[in-house]
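Me: I'd like a close look at the nonpolar core, please. Walk me through what goes into it, then work outwards from there.

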Amino acid sequence: MIGIGTNLVTCPLQPSLGCVYKLVEVNGSPCLKLTEDEEKMTIPGMKAIYRLYDAAGHPFMDLMALEEEPSPSAGQELGIRVLGQLGETTRVIPTTVEPLHRTYFRDGQVCEPLPSLPEVRTHAQASLNLLSPAHRRLHEPQPYPVAVTERLHRLFLELRQGSH
């Protein structure tokens with residue numbers, strides 16, 4: 001398979017829209033894009049996304065899990081792998097868990113009412129205000145981690161090893 005880059009098919013002086021489509025599953029089978037650049041690899045499978053909160057009510061991490069995995073629960077210890085540090089397991093205990101994934105379109109049809117622009121703006125501002133000061137500060141902010149479950153990490157490793 002050959003990938004064609006934006007600069008090959010358009011003149012660099014002309015405006016172009018840089019979009020990326022990440023294929024994660026084909027006919028119910030998870031798949032993986034292999035590349036030397038680890039940041040461009042896909043994370044396979046249909047996923048659910050959760051925001052984990054600490055006792056102070058601040059989100060401290062977003063967690064990707066396979067869609068069929070049970071949802072994490074408040075007070076339950078989780079073994080996770082932080083993206084960028086996949087070699088080591090980290091244990092976390094969220095005080096609150098918020099599911100983030102919402103389906104607004106299915107089979108080309110709106111299946112849930114879309115929020116208005118003011119509602120989206122209010123939600124985005126409220127989410128930013130919940131971040132801890134360490135994540136919000138302008139000078140040397142603490143990076144906000146995104147992690148995967150152990151099960152999703154195992155699937156990633158299996159697909160990567162099976163392709164060699």
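Reply: Let's fix one term before going in: a residue is buried if its relative accessible area is under 20%, exposed if over 50%, and partly exposed in between, using a 1.4 Å probe and counting protein chains only. By that yardstick, buried residues make up 26% of the 164 residues in the protein chain. Bear in mind that this is a predicted model, where local features need pLDDT of at least 70 and side-chain atom pairs pLDDT 80 or more, while totals for chains, interfaces and linings use all residues. Residues are numbered from 1 along each chain as its sequence is written, and side-chain values use heavy atoms, leaving out hydrogens and water.

A quick map first. The chain has 4 helices and 10 strands; these are DSSP runs numbered from the N terminus, with helices being H or I over at least four residues and strands E over at least two. In sequence order the pattern goes α-β-β-β-β-β-β-β-β-β-α-α-β-α.

Now the core itself. A nonpolar core here is a set of buried Ala, Val, Leu, Ile, Met, Phe, Trp, Tyr and Cys residues joined through side-chain atoms within 4.5 Å. The largest one has 12 residues: Ala48, Tyr50, Leu52, Phe60, Met61, Leu63, Ala65, Leu78, Ile80, Val82, Val92 and Ala147. Three strands give two or more residues each, namely β3 (47–53), β4 (59–66) and β5 (78–82). Of these, β4 supplies the largest share, with 4 residues. There is also a second, separate core of 5 residues, and Met64, Val148, Leu152 and Leu155 are among its members.

Isoleucine 80 is a handy place to stand and look around. Ignoring residues up to four places away in sequence, isoleucine 80 is in contact with Met61, Leu63, Glu88, Thr89, Thr90, Val92, Ala147, Val148 and Glu150, where contact means heavy atoms within 4.5 Å. Across the whole chain, residues 24 or more positions apart account for 48% of the contacts with a separation of 6 or more.

One of those neighbours, glutamate 150, leads to the charged pairs. A salt bridge needs a side-chain nitrogen of Lys or Arg within 4 Å of a carboxyl oxygen of Asp or Glu, and the structure holds 5 of them. Glutamate 150 pairs with arginine 81 at 3.0 Å, N to O. That pair joins helix α4, home of glutamate 150, to strand β5, home of arginine 81, across 69 residues of sequence. Arginine 81 is charged, yet it counts as buried because its relative accessibility is 13%.

Helix α4 (residues 150–162) also supplies arginine 151, which links to glutamate 68 in the loop between β4 and β5, 83 residues apart. The closest N and O atoms of that salt bridge are 3.3 Å apart. Arginine 151 is partly exposed at 35% relative accessibility, whereas glutamate 68 is exposed at 53%.

The β4–β5 loop also carries glutamate 77, whose partner is arginine 91 in strand β6 (residues 90–92), 14 residues apart. Their N-to-O distance is 3.9 Å. Here arginine 91 is the exposed one at 55%, and glutamate 77 is partly exposed at 48%.

Histidine 135, in helix α3 (residues 133–136), is worth a detour. Histidine 135 counts as buried because its relative accessibility is 14%. Setting aside neighbours within four places in sequence, histidine 135 contacts Pro59, Pro141, Gln142, Pro143, Tyr144 and Pro145. A polar atom of the histidine 135 side chain lies 3.5 Å from the backbone oxygen of proline 143.

Finally, out to the surface. The accessible surface of the chain comes to about 11800 Å², with 56% belonging to carbon and sulfur atoms. Asparagine 27, in the loop between β1 and β2 (29–30), has a positive phi near 50° without being a glycine, and is exposed at 78%. Aspartate 107, in the loop between β8 (105–106) and β9 (109–110), also has a positive phi, about 55°, and is not a glycine either. Aspartate 107 is exposed too, with a relative accessible area of 77%.

How values were computed:
Polar contact = N/O pair within 3.5 Å; in protein donor to acceptor, adjacent residues only side chain to side chain. Areas by Shrake-Rupley, 256 points an atom, 1.4 Å probe, with all protein chains shown as cover.
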